[in-house]
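Hi,

Here is the structure I promised to pass on to you. Have a look at it first, and then read on for what turned up in it.

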Amino acid sequence: RYGLFRKLRRDDRKLSLEEGRDILERGIFGVLSTLGEDGYPYGTPLNYVFDDGRIYFHSACEGHKITNIMFSSKVSFCVVDFVEILPSSFSTNYKSVVAYGIASLVAEASEKLYALKRLVEKYSPDFEKESEDVSKRSLNTTCIIRIDIQHISCKGHIEV
């Protein structure tokens, strides 16, 4: 009926794929949505980095989101880039993107270090040198999750 991914209901709110990628690139945090064995969805706000069609984030190696990803690797990741409430018109200006993809735990040390380096470049650029030792020391106790994006839904509304 809908195919693998639904089409946006309102075509006038659709943003370009390029704008969606820009939102993912500059976003500060996103919300990861996973599905648990109990049938409940679970949303986790987290820091991330968007890199060449993939999203990386770090995590403890156990916990709710890890358990859910092991149950079902299909996830969504939402980033809201801009929000402005318009009280007089009962509306909101916004730009957002939802990325759908497959989440997996990164096993290769080189890819884990790459993801950690990219996270530091984004969130702590003045401490890149200091982070190298920390990253290497925590490599075995830190999980890196990669989302391979399969579809991006980008929408927004800007009222002048």
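A good place to begin is Arg118, which is buried, with a relative accessible area of 17%. Please keep in mind that this is a predicted model.

The partner of Arg118 is Asp51: their side chains form a salt bridge, with N and O 2.9 Å apart. Arg118 sits in helix 3 and Asp51 in strand 3 (residues 49–51), so this pair links parts of the chain that are 67 residues apart. Asp51 is buried as well, at a relative accessible area of 14%. Both belong to a network of salt bridges that also takes in Lys117 and Glu121.

Helix 3 has a further link of this kind. Glu111 and Arg54 meet through their side chains in a salt bridge of 3.7 Å, N to O. Here Arg54 is in strand 4 and Glu111 in helix 3, 57 residues apart. Glu111 counts as buried, with 17% relative accessibility, while Arg54 is partly exposed at 31%.

Another pair to look at is Asp81 with Arg26, whose closest N and O atoms are 2.7 Å apart. Because Asp81 lies in strand 5 and Arg26 in helix 1, this salt bridge ties together parts 55 residues apart in sequence. Asp81 is partly exposed at 26% relative accessibility, and so is Arg26 at 42%. The count of salt bridges comes to nine.

Now for the nonpolar side of things. The largest nonpolar core has 23 residues, and Leu24, Leu32, Tyr48, Ile55, Phe57, Phe77 and Ile147 have the most contacts inside it. Strand 7 (143–157) is among the elements that supply at least two residues, and strand 7 gives the most, with six. Leaving aside neighbours within four places in sequence, Leu24 touches residues including Tyr48, Ile55, Val97 and Ile152. Apart from this core lies another, of eight residues, among them Val49, Tyr56, Val106 and Leu139.

Finally, a pocket. Which elements give two or more residues to the lining of the second largest pocket? They are helix 3 (109–123) and helix 4 (128–137), and helix 3 provides the largest share, four residues. This pocket has a volume of about 220 Å³. Its lining includes Asn47, His58, Leu116, Tyr123 and Ser131, and divides into five nonpolar, seven polar and no charged residues.

Enjoy exploring it!

Best wishes

Key
Residues are numbered from 1 along each chain as its sequence is written. This is a predicted model: local features need pLDDT of at least 70, side-chain atom pairs count only at pLDDT 80 or more; totals for chains, interfaces and linings use all residues. Side-chain values use heavy atoms; hydrogens and water are left out. On a 1 Å grid over the protein atoms alone, a cavity is a set of points where a 1.4 Å probe fits but cannot get out, and a pocket is an open set with protein on both sides within 12 Å along at least five of seven lines; lining residues have an atom within 4 Å of a point. Grid points are joined across faces, edges and corners, and a volume is the space filled by probe spheres set on the points. Ala, Val, Leu, Ile, Met, Phe, Trp, Tyr, Cys and Pro count as nonpolar, Asp, Glu, Lys and Arg as charged, and the others, Gly among them, as polar. A nonpolar core is a set of buried Ala, Val, Leu, Ile, Met, Phe, Trp, Tyr and Cys residues joined through side-chain atoms within 4.5 Å. Buried means under 20% relative accessible area, exposed over 50%, partly exposed in between (1.4 Å probe, protein chains only). Contact means heavy atoms within 4.5 Å. A salt bridge is a side-chain nitrogen of Lys or Arg within 4 Å of a carboxyl oxygen of Asp or Glu.
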